[in-house]
Amino acid sequence: MAKVSFREDRCKGCGLCVEVCPKKIVKMATDRINAKGFHPATVTEQDKCIGCAFCATMCPDVVIEVER
Ligand code: SF4
Ligand code: SF4
């Protein structure tokens, strides 16, 4: 199963990864704020991830890593 991890403190909250995920499982974590002062992106339903890595490819700040 694919695993997505986020270096949350590097996220600038642009939301590009949210837009690009075909499974719509990338969300902004509205319950917390990172070191830069943004709500960081996160994955809510890890088990639905298909490992396409669109999110990681799209992220301009290299926040996301996808393991397959
Ligand atoms: S790897 Fe693909 S399916 Fe998984 S969270 Fe990223 S964009 Fe979504
Ligand atoms: S694309 Fe990268 S910087 Fe933008 S919200 Fe997603 S993880 Fe954060």
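This short report walks through the fold, the two ligand shells and one loop residue of a predicted model.

Local features here need pLDDT of at least 70 and side-chain atom pairs count only at pLDDT 80 or more, while totals for chains, interfaces and linings use all residues. Residues are numbered from 1 along each chain as its sequence is written, with chains lettered from A and ligands numbered from 1 in the order in which they are written.

Let's start with the fold. Along the sequence the pattern reads β-α-β-β-α-β, giving two helices and four strands (DSSP runs: helices are H or I of at least four residues, strands E of at least two, numbered from the N terminus). The C-alpha atoms fill a box of roughly 30 × 20 × 20 Å along the principal axes.

Now for the ligands. A residue joins a shell if its C-beta atom, placed from the backbone, lies within 6 Å of the molecule. Ala, Val, Leu, Ile, Met, Phe, Trp, Tyr, Cys and Pro count as nonpolar, Asp, Glu, Lys and Arg as charged, and the others, Gly among them, as polar.

| Ligand | Shell | Closest residues | Classes |
|---|---|---|---|
| Ligand 1 | 17 residues | Cys21, Cys49, Cys52, Phe54, Cys55 | 15 nonpolar, one polar, one charged |
| Ligand 2 | 13 residues | Cys11, Cys14, Cys17, Cys59, Val63 | nine nonpolar, two polar, two charged |

Finally, meet aspartate 9, in the loop between β1 (3-6) and α1 (16-20). Leaving aside neighbours within four places in sequence, aspartate 9 is in contact (C-beta atoms, placed from the backbone, within 7 Å) with Asn34, Ala35 and Lys36. The C-alpha atoms of aspartate 9 and glutamate 19, 10 residues apart along the chain, are separated by 20 Å.

Conventions. Contact = placed C-beta atoms within 7 Å.
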